[in-house]
Amino acid sequence: MSGLGLQNQRVLSGMRPSGRLHLGHYHGVLKNWAKLQHEHECFFFVADWHVLTTHYDAPEIIEQSVWDMVIDWLAAGINPGSATLFIQSKVPEHAELHLLLSMLTPLSWLERAPTYKEQQEKLKDKDLSTYGFLGYPLLQTADILAYKAGAVPVGADQVPHVEMSREIARRFNHVYGKDSGFEEKAEAAVKKLGKKNAKLYSNLRKDYLQDGNEESLQKARALVEGHASISLGDKERLIGFLEGGGKIILPEPQALLTPVSKMPGLDGQKMSKSYHNTIEMREAPESVENKIKRMQTDPARVRLSDPGNPENCPVWQLHEVYSPQDVKDWVQKGCTSAGIGCLECKQPVIDCVMKETGEFRERAREFEENPEIVRGIIAEGSEKARDIARETMEDVRNVMGLSYR
Ligand code: TRP
Ligand code: SF4
């Protein structure tokens with residue numbers, strides 16, 4: 001990865017609209033976004049086209065999911081004054097860039113994306129042998145490159161896609177960013193390496209630029225640096241030439257790995273809609289209380305007088321997320337000595353979760369009552385995003401022979 005710091009980098013991330021978000025989304029993603037918005041220029045968007053790559057047969061779920069999700073972003077403290085919020089399909093430049101990038105994207109890069117086979121296996125009841133599904137990481141690449149984003153906060157499962165966007169940007173710059181004067185000088189310098197090394201250098205360079213092979217880049221660098229008889233100027237030229245050497249039209253983004261959240265669900269597994277163990281961000285207070293009161297505890301505690309072990313209890317995991325040390329000490333002591341009952345133990349967790357969800361509900365109320373405010377935020381954000389994406393498309397069309405002036 002490049003040595004550039006994160007300062008002054010444009011941050012961009014997207015989320016598929018999946019309806020109302022839960023506390024796992026908040027602790028896993030949104031809390032991080034809310035922090036980033038104060039440190040960087042941030043763009044957060046609703047990836048509605050991405051939903052169609054897997055759920056093309058369910059268009060009726062999209063709209064409500066989109067607005068519910070945006071309200072949850074706002075409830076989490078994502079501030080439209082600090083970050084630009086928009087909907088992917090309101091910026092059709094994403095689609096145009098997707099199309100143009102598809103011209104130079106090797107099929108094999110898409111086929112080897114880990115999510116491709118994985119999701120096809122997982123969603124077996126769906127026919128995902130579609131063109132759109134195969135191209136989904138490329139659509140994601142277009143999402144990122146349209147803004148020349150420097151940093152892309154994502155979870156570990158999405159890192160290969162950001163990696164792909166780096167490889168595609170590199171290939172694009174290699175094909176379209178040629179600067180003729182430089183190229184000739186660099187070619188002349190390659191010859192000075194001697195016949196055998198020149199050939200090796202050229203092959204390694206091609207491996208790196210076209211196929212993204214980092215190892216080849218390292219080898220080629222070592223070859224140049226270790227060469228005894230060429231000038232410093234030529235060395236620099238040869239190193240620059242390795243990384244494309246021409247103009248950078250689409251900068252390579254970096255994945256910003258989101259710290260893993262340990263947010264447990266009601267059953268102690270990771271909180272996830274598919275496990276039916278969630279508490280929604282805007283869950284009603286009575287419902288929060290009921291859900292936590294109904295949680296299973298350590299099965300060894302049949303009677304109040306049976307001591308338990310917090311390690312075997314999902315309620316303890318919630319204490320780990322929400323409770324200060326003194327409460328945690330109280331739980332440990334009370335549970336293992338049968339000094340407290342499970343309902344008693346759950347109460348501080350109920351209080352904390354209710355406080356948190358209460359804050360989300362409070363922030364959301366204005367937007368629930370005035371949907372036109374939410375529409376306005378998105379309309380404004382989408383315009384702002386579009387201005388930037390339009391500029392990128394000008395650059396892209398120019399180098400691809402589509403400017404027609
Ligand atoms: N594919 C991502 C997901 O499923 C969402 C996404 C779409 C995204 N486009 C993006 C994330 C661009 C980061 C940048 O979670
Ligand atoms: Fe779980 Fe608390 Fe009951 Fe122990 S006392 S089993 S930690 S709910």
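In this predicted model, a polar side-chain atom of Q158 lies 3.0 Å from a nitrogen atom of ligand 1. The protein covers 89% of the 360 Å² of accessible area that ligand 1 has on its own. Two further side chains make polar approaches to the ligand: an N or O atom of the Q140 side chain is 3.0 Å from a ligand nitrogen, and in Y136 a side-chain N or O atom is found 3.3 Å from a nitrogen atom of ligand 1.

These residues belong to a wider shell. Ligand 1 is surrounded by 14 residues, and F45, Y136, Q140, D143 and Q158 are the closest. By type, the shell consists of seven nonpolar, five polar and two charged residues. At least two shell residues come from each of β1 (10–15), α8 (136–145) and β4 (151–154). Helix α8 is the greatest contributor, supplying four residues.

The loop that joins α8 to β4 contains K148. Its backbone deserves attention: K148 is not a glycine, yet has a positive phi of about 50 degrees. Most residues other than glycine have a negative phi. The relative accessible area of K148 is 30%, so this residue counts as partly exposed. A second case of this kind is H276, a non-glycine residue with a positive phi of about 55 degrees. H276 is situated in the loop between β5 (254–257) and α14 (285–293). With a relative accessible area of 72%, H276 is exposed.

On the scale of the whole chain, the domain assignment gives domain 1 as three segments, 10–177, 253–262 and 370–399. Domain 2 spans 182–242, and domain 3 spans 282–368. Between the C-alpha centres of domain 2 and domain 3 the distance is 61 Å.

The last segment assigned to domain 1, 370–399, leads to helix α18 (residues 371–399), in which S382 lies. Is S382 buried or exposed? Its relative accessibility is 3%, under the 20% limit, and S382 therefore counts as buried. A polar atom of the S382 side chain lies 2.7 Å from the backbone oxygen of I378. Leaving aside residues up to four places away in sequence, S382 touches L85, F86, I87, K90 and V91.

Notes
Residues are numbered from 1 along each chain as its sequence is written. Chains are lettered from A and ligands numbered from 1 in the order in which they are written. This is a predicted model: local features need pLDDT of at least 70, side-chain atom pairs count only at pLDDT 80 or more; totals for chains, interfaces and linings use all residues. Side-chain values use heavy atoms; hydrogens and water are left out. A residue is near a molecule or strand if one of its heavy atoms lies within 4 Å of it. A polar contact is a pair of N or O atoms within 3.5 Å; within protein, one must be able to donate a hydrogen and the other to accept it, and residues adjacent in sequence count only if both atoms are side-chain atoms. Accessible areas come from the Shrake-Rupley method with a 1.4 Å probe; for residues, only the protein chains shown count as cover. Ala, Val, Leu, Ile, Met, Phe, Trp, Tyr, Cys and Pro count as nonpolar, Asp, Glu, Lys and Arg as charged, and the others, Gly among them, as polar. Buried means under 20% relative accessible area, exposed over 50%, partly exposed in between (1.4 Å probe, protein chains only). Contact means heavy atoms within 4.5 Å. Domain bounds come from an automatic or database domain assignment.
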